[in-house]
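Trainee: Please take one part of this structure and go through it closely, with its surroundings and the whole chain as background.

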Amino acid sequence: MTGRDETRFDTLGPTLTVTTVPADPAGGDAVTATAHLTNDCPFPLRDAVLHLIAPGATTAARTIPLGDLRRGAKVTRSWQTAMPADVAGDVSFTAHLVFDVDAHSSDCARSAKTVSIPYEPNGVREPYTTFATTDDAKFGQYAPGQLVIWAGGRDLSGGTDEKGVIYLPGAAAESCVVQVRTAGLTGSDNPSAKSGIAIACDLTAPGKGGYAVLTMSARYGLEFMTDSDGDGHLDTWAGGGGSYHPAWLRLVRSGTTYTAYATGNGLAWEQVGTATVPSASGAGDAGVVASAVNANYPGTTVRAVFDHFSVEAP
């Protein structure tokens, strides 16, 4: 906010909370969500508008003009919605209030009731399929657009290739862009645990060629690895730096050339490296991967959560 009331608003603003019935809804439940607003400001709120936003939505389920709200005014508004089916993680019912303070300044207030639902392996649906080189790998798919891998594995580099994979067979054309947001990586204290994206002629048999992986590790930064000689082993490396989570990862394929990019915000992409993979030919598989890299942490697994996975033309 700008204007003469800025200091007062920073110390005392409108109180906005959200409640739900039922209080702890599960996936698929019908829900009544209620926004509770009290104008605790030492001034009236002018032309207030309340936006009520359901879980996973990008636009308001209801937009309610409230007009001018005097000091101490209390308003309650409800909306009927539902929890998405196959939902997990944090799901929020949100109220967003926009208002003017006077003729020269405006501001907003936002509140959400967040429900946390545990991830449980539930498999994946077409067109996705799965593959693992570890016996403990499990998989899940949730709304909106989340993919989850639970996996162990001693390593995912050099001569060891142990991982869980969710992939789209034949999706990686000779010119394509594979992209994902790594939304979470938990379950192990190992700083080398990693998750990211992969391309290969056949992700179930990397020795058939075209193998490249771009991951973000738990604490050791980015790793862009490729197979330079077509034996199925990742033997080139670029990356490093500090880790950041979530991370946006992108692999651009142009024939036998792979270029890796990463960003923390989905906007300012930085190049991680570029490499030639001579064995790449024709359309290949593209997917998301995770490995606990647990050679020094026996028996540990990681849970990797992904969203915004896409394979598109450049």
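Mentor: A polar contact is a pair of N or O atoms within 3.5 Å, where, within protein, one atom must be able to donate a hydrogen and the other to accept it. The model is predicted, and the part to look at is serine 111 with two residues of strand E6, histidine 96 and aspartate 102.

Serine 111 belongs to strand E7, which covers residues 105-117. Its side chain comes to 3.0 Å from the backbone oxygen of leucine 16. Because its relative accessible area is 14% and buried means under 20%, serine 111 counts as buried. Beyond the residues up to four places away in sequence, serine 111 touches Leu16, Thr17 and Val18, and also Phe93, Thr94 and Ala95. Leucine 16 therefore appears both in that list of contacts and as the partner of the serine 111 side chain, through its backbone oxygen, given that contact means heavy atoms within 4.5 Å. Glycine 170 gives a sense of distance: it is 59 residues from serine 111 in sequence, and the two C-alpha atoms are 43 Å apart in space.

Now strand E6, which runs over residues 89-102 and contains histidine 96. The side chain of histidine 96 makes a polar contact of 3.3 Å with the side chain of arginine 110. With neighbours within four places in sequence left aside, histidine 96 is in contact with Val49, Leu50, His51 and Ile53, and with Cys108, Ala109 and Arg110.

Aspartate 102 is also part of strand E6. Its relative accessibility is 17%, so aspartate 102 is classed as buried. The side chains of aspartate 102 and serine 105 are joined by a polar contact of 3.0 Å.

As for the background, the chain has 23 strands and 1 helix. Its C-alpha atoms fill a box of roughly 75 × 40 × 35 Å along the principal axes. Of the 314 residues in the chain, 49% are buried. Among contacts with a separation of 6 or more, 63% are between residues 24 or more positions apart. The accessible surface comes to about 13700 Å², and carbon and sulfur atoms hold 48% of that surface. There are 32 negative and 21 positive side chains in the chain, with the centres of the two sets 10 Å apart.

Methods:
Residues are numbered from 1 along each chain as its sequence is written. This is a predicted model: local features need pLDDT of at least 70, side-chain atom pairs count only at pLDDT 80 or more; totals for chains, interfaces and linings use all residues. Side-chain values use heavy atoms; hydrogens and water are left out. Helices (H or I, at least four residues) and strands (E, at least two) are DSSP runs, numbered from the N terminus. Buried means under 20% relative accessible area, exposed over 50%, partly exposed in between (1.4 Å probe, protein chains only). Accessible areas come from the Shrake-Rupley method with a 1.4 Å probe; for residues, only the protein chains shown count as cover. Lys and Arg count as positive and Asp and Glu as negative; His and the chain ends are not counted. The place of a charge is taken as NZ of Lys, CZ of Arg, CG of Asp or CD of Glu.
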